[in-house]
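Let's take a friendly walk through a few local details of this model, from backbone geometry to helix packing. Please have the structure open as you read.

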Amino acid sequence: MRVLKYKYVVWFICITLMLLYAIICKLWLISEAINNPILCVQGAKPVAKPAYYSIKDLRTLWSSILSMSEPDTPPYVLVTWVYAFPSNMSWVLYETFLPFMGDVLFSVFMLLFIKNFLSDRIYNSKLVLFAAFVSGFMYELILLSPWVDIWTKGFVALLPATLIFLMLTFSKLNDLPLMSALSILTGLLLVSLYDIRIILASLVLTFLLTIIYVLSNKMKAHEAYSLNKRLVFVLIIIMIIVFALRVVPTMMVISLKRSNPFGGIKTLTLPVIVGYYDSVSVFGLPFPLLKNIKIIHSISMLLIVFILGHILLSKESRKLRQVTLILASVLIFIASVIYSYSPLKVIHQSLVKMTILDTNLGVLFRTPRFFITINSVILSMLIGLSVYMIANDLRQKDFKRIILLTLLLSPVAGLTYLNAYANNSNIGPPWQKASPLPRYYYDVATVLNDKVNDTLFRILWLPRTGKYNGEQPIWLKSVCWGVGEKVFPLRTYFYYGKPMEYIYPFILGLGIEGKTKALSEILAYLGVRYIVVVTDYLWEKLREKAFSIISNLNESQYFEEVYNNGKLYVFENLQTKRPLRLVSTPIIVEGGLQTLAGAIEKGLNISNTLIVFADQILPLDIIKNSKIIIAHSMSNLEMDFLVQLLYWKKINNVTNALIVVPSKYTLGVEPNKWHPYYIANPHHAEWEVFYIGALKSKGRYDLDFRHDWGFVGATKRGQKLNIPIKITKTSNYIVAIRYLGSVQGGEFVVRLDGSSITKVKSLNSSNSFQWFLMKIYMGEGEHILTLENKRGRNAVNIILLIPENEYEQRMKLVGALLNNKTVVLTNDDKGSQKWPRIESLDEHIIKYHTAEGSHIIYINVSKVNFPAYLIVPEQWYPDWSISFNNTIFKNSLSFPSIFITAFEISSEKHNAEIEYLRIKAYSVSNETWRIIFNYEIISCLIIISTVLALVARRH
């Protein structure tokens, strides 16, 4: 009993000290959280969850407030429960309690590890406890670092729970039912880490510990064979659990993102390697080499290397030396692979480029999360093992060992001080600051809540918050994307959802330029009833833009100021009458949003029309039913229509033409290649910097490219891109290249199989995508098409290769399509344009509401002239669909209009005798997420039932 009481006292003291240290490190957060309900620290909640995210949202699949998808998180992903707490409490739990829990769990793991793996030494329970707690504290130091990856901190904190159950499994290899149950629980805890990179890192650690276990158990051949069979059985069970609960759902998600049927990488890529890879962080220590503490870092690393070298060269413990050697070798190898100046860096670069079945798997290795997670665990283990080794022989009163132990604990003590100091001082990173939301934001939220109440109208916050350093309010010390959108449950559009991000610079520009009529009509089209103009920005230029917008809106007949508190100004859009629209006449726009805005300023009323864009892929019915086309260039319009026809022909395999999407042939990690830029690229802002940042001060620019295909760009001489193509018919081919002509353009060369076939000059004042055509003879078979940059800033959107005779035939069809339509050229300044008057069909919408992320609409169709089109106030996603009177039509059309979701309602899709039509508009991915969620829940229940059955059978 005395020993047990001693252990309890030690555990209590150590756990108390661990918790106290976590609190000290996070005083900067706790002090603000006490009195402020909403804190902004890289967002209103961890991992950018909205402040209003609650328990009922754990199963949310579509955020109707932000108009963006919310992937489900199964309830066994324990970290996500933290997000359901209020903002201030959520941050304290995430930043303070989870690292503390990681410390406790890692200490328990090390306790089991030393007992199971190092049985060749005289067992000293006190020293085992001491070494375990040192190891756990080292792990806590890493988790409490202000530079640690906030997105995965919670998952990494719970990772040791998986290792604990793995150790328990190893200890019960002779008990088949219990071993199976523990293996299943290990796999379940593994998938609860959710982030696929952390799971992959945990699997590597699982295999590593299994190898160490095998090597540390010397036995006869038949015993070793039996042991290995049981270990293989354990690993198979774990892999099956991971495959069932994580790999299968991930494959289902990837299948949603396969957007390109024309070759190349089918999924979106993350086209750069990111992360800190200096000589400290590569070893799992998230403490960058700051100017004032480089010496501390260097001494710490040298001391640790010295101690490890001493252990490896000692002759006292074969198993300890063996385990230390394996762990240190893996640590050094991984560090060498990711260190920026290591010759082994090529391994990392090769992993990032890895693709399997046209799916880019290299994204798993693009960030430090996979590598650093492994090294953080191994380094913490090595520190604990070193302490155990040295302290275990102090009873001999060896002065040398006392010095060694002091040297080993010195860097730990140094990091302890550094961590507490960095967390609570200005040397920490800027994103680790707590910023309470000012009172005047709450006042605006109260006003807006009374106005929009439970309607479907939306609110837009201008300018946006947080994408670049200058876009921060003066009170915001951290980085927080979308303050207004994320802190209040008011229906809005999230600027970093796709493709709302696509039109933000355009909307902001309309407000600054005073084009309030175009701004009003376009926002009304989006269902935006109110604009909140934010003026409390740190950047003076942004404040000037905000006040310019306020001045223009006050002078406009289309907006009315309804509230201001000197910081935030609220304007009502007087043209927003209803959030839903039922329209009958499609208008096709060639030239993008600027062309549309120019037409509206010249008198076009879009309130009763369907607006679509020629650079997006449209259903052929839309092209046939449209009566009006607004174009900036007639030649570009014809080529855009040709691509529209060929797209559907290619889908149906009735053409020899090729549509090449260059962005699908480069991963963006090679500096000597053209880089992919597309709106849906999760590496935020690259396309905007390349495109808008370079052109916005150079006159007119337009966004006229399909946002999920994007474009490839080059800025340096000699950058190349090789695109493999397969020609199915020998013939003369028309090669059409959609390139960016701009004031920063230059020239690029097009080569076929290494030989130059043309030079494209891109320097002009259009600042938009244009077509370049040429003719070349091409033989059947495999070829390589190469783009090589010669000078200037160049970009290519798509490349079309079509046999000459087919080109002539298709162009005749394009001409026939255009013959019966009114084409208005916006660059024609001969006089004012008379636009046709189009009747509204909105009165036929009887009622509507939302339910589980879907729109339920009732329409009186008895007097509607078909075809008609329903527009709902949601950002366009490529998988929305509709059902009529509870009958699902899989071929119901939703199509891109850049910023809205629209559906075709035709007489063929319902019984013409029905007077009232019930329409449900829903996201297919939403339904898929629901299937994934149910699949995960059912699988989890089956797994838990299996565990209970195994335990019951054993008893």
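Pro-463 sits in the loop between strand 7 and helix 15; strands (E, at least two residues) and helices (H or I, at least four residues) are DSSP runs, numbered from the N terminus. A cis peptide bond links Leu-462 to Pro-463, with omega at about -20 degrees. This is a predicted model, in which local features need pLDDT of at least 70 and side-chain atom pairs count only at pLDDT 80 or more, while totals for chains, interfaces and linings use all residues. Residues are numbered from 1 along each chain as its sequence is written, and side-chain values use heavy atoms, leaving out hydrogens and water.

The loop between strand 7 (458-462) and helix 15 (483-487) also holds Gln-472. Is Gln-472 buried or exposed? Gln-472 is buried, at a relative accessible area of 13%; buried means under 20%, exposed over 50% and partly exposed in between, with a 1.4 Å probe and protein chains only. Leaving aside residues up to four places away in sequence, Gln-472 touches Ser-478, Val-479, Tyr-537 and Leu-538 (contact means heavy atoms within 4.5 Å). Its side chain reaches the backbone oxygen of Ser-478 at 2.5 Å.

Two other loop residues, neither of them glycine, have a positive phi. Here they are side by side:

| Residue | Phi | Loop | Relative accessible area |
|---|---|---|---|
| Val-47 | near 55 degrees | between strand 1 (39-40) and strand 2 (62-63) | 22%, partly exposed |
| Asn-767 | about 50 degrees | between strand 21 (755-761) and strand 22 (768-778) | 0%, buried |

Now to the helices. Two packed helices are described by the angle between their axes and the distance between the axes. The axes of helix 3 (residues 87-117) and helix 5 (residues 153-171) come within 8 Å and cross at roughly 20 degrees; axes are lines fitted to C-alpha atoms over the stretch in contact, and angles run from 0 to 180 degrees between N-to-C directions. That makes helix 3 roughly parallel to helix 5, a label for angles under 35 degrees. The contact of helix 3 with helix 5 involves 19 nonpolar, four polar and two charged residues. Here Ala, Val, Leu, Ile, Met, Phe, Trp, Tyr, Cys and Pro count as nonpolar, Asp, Glu, Lys and Arg as charged, and the others, Gly among them, as polar.

Helix 3 also meets helix 4 (residues 125-144), their axes coming within 7 Å and crossing at roughly 145 degrees. Among the residues that meet are Phe-100, Phe-106 and Met-110 in helix 3, and Phe-133, Phe-137 and Leu-144 in helix 4. By class, this contact has 15 nonpolar, four polar and three charged residues.

Note on methods: A polar contact is a pair of N or O atoms within 3.5 Å; within protein, one must be able to donate a hydrogen and the other to accept it, and residues adjacent in sequence count only if both atoms are side-chain atoms. Angles under 35 degrees count as roughly parallel, over 145 as roughly antiparallel, 65 to 115 as roughly perpendicular and the rest as oblique.
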